[in-house]
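Colleague: I'm new to this one, could you walk me through it?
Modeller: Gladly, let's put it up and start with the ligand.

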Amino acid sequence: MNNRVVNALAAASVSALLFASFGGSAGAADPAEQVKDRQQTMKKLGGGMGAVAKFVKNEGATAEDAAKGAEAVLAVAAMDPKTIFPQGTAVGVADSAAKPELWQSWSVAQERWSAMKPAAEKLDAAIKGGDRAQIAQALGATSKTCGSCHEDFRVKKQ
Ligand code: HEC
(Lines give C-alpha, C1' and ligand atoms only; values in the text may rest on other atoms or scores of the structure.)
Protein backbone atom coordinates (compact mmCIF):
# COMPACT_ATOMS: atom_id res chain seq x y z
CA MET A 1 0.00 0.00 0.00
CA ASN A 2 1.29 3.46 -0.74
CA ASN A 3 1.28 6.15 1.90
CA ARG A 4 -1.74 7.97 0.59
CA VAL A 5 -3.89 4.88 0.84
CA VAL A 6 -2.60 4.13 4.34
CA ASN A 7 -3.32 7.69 5.41
CA ALA A 8 -6.77 7.61 3.91
CA LEU A 9 -7.54 4.33 5.66
CA ALA A 10 -6.25 5.67 8.95
CA ALA A 11 -8.31 8.81 8.59
CA ALA A 12 -11.39 6.76 7.78
CA SER A 13 -10.98 4.51 10.80
CA VAL A 14 -10.34 7.47 13.09
CA SER A 15 -13.46 9.21 11.86
CA ALA A 16 -15.38 5.95 12.25
CA LEU A 17 -14.25 5.82 15.85
CA LEU A 18 -15.22 9.41 16.44
CA PHE A 19 -18.53 8.85 14.80
CA ALA A 20 -19.12 5.75 16.91
CA SER A 21 -18.36 7.53 20.15
CA PHE A 22 -20.40 10.55 19.22
CA GLY A 23 -23.14 8.33 17.88
CA GLY A 24 -23.60 6.85 21.34
CA SER A 25 -23.83 10.11 23.19
CA ALA A 26 -24.77 12.78 20.68
CA GLY A 27 -28.44 12.59 21.62
CA ALA A 28 -27.68 12.53 25.31
CA ALA A 29 -25.29 15.47 25.10
CA ASP A 30 -27.92 17.74 23.60
CA PRO A 31 -29.72 19.46 26.52
CA ALA A 32 -33.10 19.38 24.78
CA GLU A 33 -32.66 15.62 24.23
CA GLN A 34 -31.62 15.19 27.84
CA VAL A 35 -34.81 16.89 28.96
CA LYS A 36 -36.83 14.63 26.70
CA ASP A 37 -34.99 11.56 28.01
CA ARG A 38 -35.65 12.60 31.58
CA GLN A 39 -39.32 13.14 30.90
CA GLN A 40 -39.47 9.68 29.32
CA THR A 41 -37.77 8.23 32.39
CA MET A 42 -40.23 10.02 34.65
CA LYS A 43 -43.08 8.66 32.54
CA LYS A 44 -41.78 5.16 33.27
CA LEU A 45 -42.05 5.97 36.96
CA GLY A 46 -45.53 7.34 36.43
CA GLY A 47 -46.56 4.31 34.39
CA GLY A 48 -45.18 1.91 36.98
CA MET A 49 -46.92 3.65 39.84
CA GLY A 50 -50.10 3.89 37.78
CA ALA A 51 -50.15 0.14 37.17
CA VAL A 52 -49.86 -0.56 40.90
CA ALA A 53 -52.58 2.00 41.64
CA LYS A 54 -54.88 0.39 39.10
CA PHE A 55 -54.33 -2.96 40.75
CA VAL A 56 -54.96 -1.57 44.23
CA LYS A 57 -58.13 0.16 43.07
CA ASN A 58 -59.26 -2.90 41.15
CA GLU A 59 -59.33 -1.00 37.91
CA GLY A 60 -58.33 -3.81 35.62
CA ALA A 61 -54.63 -4.29 36.36
CA THR A 62 -53.55 -7.76 37.44
CA ALA A 63 -51.09 -8.59 40.22
CA GLU A 64 -48.62 -9.29 37.46
CA ASP A 65 -49.13 -5.81 36.00
CA ALA A 66 -48.55 -4.38 39.46
CA ALA A 67 -45.37 -6.42 39.92
CA LYS A 68 -44.09 -5.19 36.56
CA GLY A 69 -44.95 -1.65 37.57
CA ALA A 70 -42.98 -1.91 40.79
CA GLU A 71 -40.06 -3.39 38.87
CA ALA A 72 -40.11 -0.48 36.45
CA VAL A 73 -39.94 1.93 39.38
CA LEU A 74 -37.11 -0.09 40.93
CA ALA A 75 -35.17 -0.10 37.68
CA VAL A 76 -35.39 3.68 37.36
CA ALA A 77 -34.65 4.20 41.06
CA ALA A 78 -31.40 2.27 40.54
CA MET A 79 -30.23 4.82 37.96
CA ASP A 80 -27.66 7.45 38.81
CA PRO A 81 -29.47 10.77 39.34
CA LYS A 82 -26.56 12.51 37.60
CA THR A 83 -27.54 10.88 34.34
CA ILE A 84 -31.18 11.86 34.82
CA PHE A 85 -30.49 15.42 35.88
CA PRO A 86 -27.46 16.53 33.89
CA GLN A 87 -26.34 20.12 34.42
CA GLY A 88 -27.87 22.63 32.04
CA THR A 89 -31.34 21.07 31.75
CA ALA A 90 -33.34 23.33 34.03
CA VAL A 91 -36.43 25.36 33.07
CA GLY A 92 -35.72 27.32 29.93
CA VAL A 93 -34.31 24.31 28.09
CA ALA A 94 -36.99 22.85 25.84
CA ASP A 95 -40.04 22.32 28.07
CA SER A 96 -38.06 21.34 31.14
CA ALA A 97 -39.96 21.67 34.39
CA ALA A 98 -36.89 21.10 36.56
CA LYS A 99 -36.19 24.05 38.85
CA PRO A 100 -32.62 25.39 39.01
CA GLU A 101 -32.80 24.70 42.77
CA LEU A 102 -32.47 21.02 41.99
CA TRP A 103 -28.82 21.62 41.07
CA GLN A 104 -28.27 24.34 43.66
CA SER A 105 -29.41 21.90 46.38
CA TRP A 106 -27.96 18.85 44.68
CA SER A 107 -27.35 16.87 47.89
CA VAL A 108 -31.01 17.28 48.83
CA ALA A 109 -32.09 16.26 45.34
CA GLN A 110 -29.85 13.20 45.55
CA GLU A 111 -31.41 12.26 48.89
CA ARG A 112 -34.87 12.60 47.38
CA TRP A 113 -33.80 10.36 44.55
CA SER A 114 -32.29 7.76 46.90
CA ALA A 115 -35.44 7.67 49.03
CA MET A 116 -37.33 6.11 46.14
CA LYS A 117 -35.44 2.81 46.13
CA PRO A 118 -36.20 1.52 49.65
CA ALA A 119 -39.83 2.61 49.25
CA ALA A 120 -40.11 0.82 45.90
CA GLU A 121 -38.47 -2.27 47.39
CA LYS A 122 -41.16 -2.37 50.08
CA LEU A 123 -43.76 -1.89 47.40
CA ASP A 124 -42.32 -4.76 45.40
CA ALA A 125 -42.26 -6.98 48.50
CA ALA A 126 -45.86 -6.04 49.36
CA ILE A 127 -47.01 -6.93 45.85
CA LYS A 128 -45.26 -10.27 46.11
CA GLY A 129 -46.94 -10.73 49.51
CA GLY A 130 -50.32 -10.16 47.90
CA ASP A 131 -51.97 -8.17 50.69
CA ARG A 132 -53.84 -5.37 48.96
CA ALA A 133 -53.98 -3.12 52.03
CA GLN A 134 -50.25 -3.44 52.48
CA ILE A 135 -49.70 -2.76 48.79
CA ALA A 136 -51.85 0.36 49.04
CA GLN A 137 -49.87 1.54 52.03
CA ALA A 138 -46.52 0.94 50.32
CA LEU A 139 -47.81 2.65 47.19
CA GLY A 140 -48.70 5.71 49.20
CA ALA A 141 -45.27 5.74 50.83
CA THR A 142 -43.51 5.42 47.47
CA SER A 143 -45.69 8.12 45.98
CA LYS A 144 -44.65 10.43 48.82
CA THR A 145 -41.02 10.06 47.78
CA CYS A 146 -41.98 11.26 44.28
CA GLY A 147 -44.02 14.11 45.68
CA SER A 148 -41.34 15.38 48.01
CA CYS A 149 -38.97 15.91 45.11
CA HIS A 150 -41.63 17.33 42.81
CA GLU A 151 -42.74 19.76 45.48
CA ASP A 152 -39.33 21.34 45.81
CA PHE A 153 -37.75 20.84 42.44
CA ARG A 154 -40.41 20.65 39.79
CA VAL A 155 -42.23 23.64 38.39
CA LYS A 156 -45.93 23.28 39.03
CA LYS A 157 -48.03 22.77 35.96
CA GLN A 158 -50.52 25.59 35.49
C1 HEC B 1 -35.14 13.73 42.69
C2 HEC B 1 -36.35 14.33 42.21
C3 HEC B 1 -37.49 13.51 41.65
C4 HEC B 1 -37.98 12.30 42.09
C5 HEC B 1 -37.52 11.46 43.26
C6 HEC B 1 -39.07 11.98 41.20
N7 HEC B 1 -39.23 12.95 40.26
FE8 HEC B 1 -40.62 13.00 38.78
N9 HEC B 1 -39.89 14.76 38.10
C10 HEC B 1 -38.85 15.46 38.67
C11 HEC B 1 -38.57 16.64 37.89
C12 HEC B 1 -37.49 17.67 38.17
C13 HEC B 1 -39.49 16.63 36.82
C14 HEC B 1 -39.57 17.62 35.66
C15 HEC B 1 -38.73 17.02 34.54
C16 HEC B 1 -38.64 17.88 33.29
O17 HEC B 1 -39.65 18.50 32.88
O18 HEC B 1 -37.56 17.89 32.69
C19 HEC B 1 -40.30 15.44 36.99
C20 HEC B 1 -41.34 15.07 36.13
C21 HEC B 1 -42.15 13.98 36.31
C22 HEC B 1 -43.25 13.62 35.43
C23 HEC B 1 -43.69 14.38 34.18
C24 HEC B 1 -42.87 13.91 33.00
C25 HEC B 1 -43.23 14.64 31.72
O26 HEC B 1 -43.74 14.00 30.81
O27 HEC B 1 -42.98 15.87 31.64
C28 HEC B 1 -43.80 12.47 35.95
C29 HEC B 1 -44.98 11.69 35.38
C30 HEC B 1 -43.05 12.12 37.13
N31 HEC B 1 -42.06 13.05 37.32
C32 HEC B 1 -43.30 11.01 37.91
C33 HEC B 1 -42.53 10.63 39.01
C34 HEC B 1 -42.85 9.49 39.86
C35 HEC B 1 -44.05 8.59 39.69
C36 HEC B 1 -41.87 9.44 40.80
C37 HEC B 1 -41.70 8.46 41.94
C38 HEC B 1 -41.86 7.07 41.71
C39 HEC B 1 -40.96 10.55 40.55
N40 HEC B 1 -41.40 11.25 39.46
C41 HEC B 1 -39.84 10.84 41.32
C42 HEC B 1 -38.14 15.11 39.80
C43 HEC B 1 -38.29 13.92 40.51
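**The ligand and its surroundings**

Modeller: In this model, which is predicted, a side-chain N or O atom of Arg38 lies 2.9 Å from an oxygen atom of the ligand, a polar contact being a pair of N or O atoms within 3.5 Å. Local features need pLDDT of at least 70 and side-chain atom pairs count only at pLDDT 80 or more, while totals for chains, interfaces and linings use all residues. Residues are numbered from 1 along each chain as its sequence is written, and side-chain values use heavy atoms, with hydrogens and water left out.

Colleague: Which atom of Ala97 is 2.7 Å from an oxygen atom of the ligand?
Modeller: That is a polar backbone atom of Ala97, whereas for Lys43 a polar side-chain atom lies 3.1 Å from a ligand oxygen.

Colleague: And which residues come nearest to the ligand?
Modeller: Met42, Ala97, Cys146, Cys149 and His150 do, out of 23 residues around the ligand, where near means that a heavy atom lies within 4 Å.

Colleague: How is that shell made up by class?
Modeller: The shell has 14 nonpolar, five polar and four charged residues; Ala, Val, Leu, Ile, Met, Phe, Trp, Tyr, Cys and Pro count as nonpolar, Asp, Glu, Lys and Arg as charged, and the others, Gly among them, as polar.

Colleague: Different topic: what is phi of Asn58?
Modeller: Phi of Asn58 is near 60°, a positive value in a residue other than glycine, and Asn58 is exposed, with a relative accessible area of 60%, exposed meaning over 50% with a 1.4 Å probe and protein chains only.

Conventions:
Polar contact = N/O pair within 3.5 Å; in protein donor to acceptor, adjacent residues only side chain to side chain. Buried < 20%, exposed > 50% of the residue type's maximum accessible area, 1.4 Å probe, protein only.
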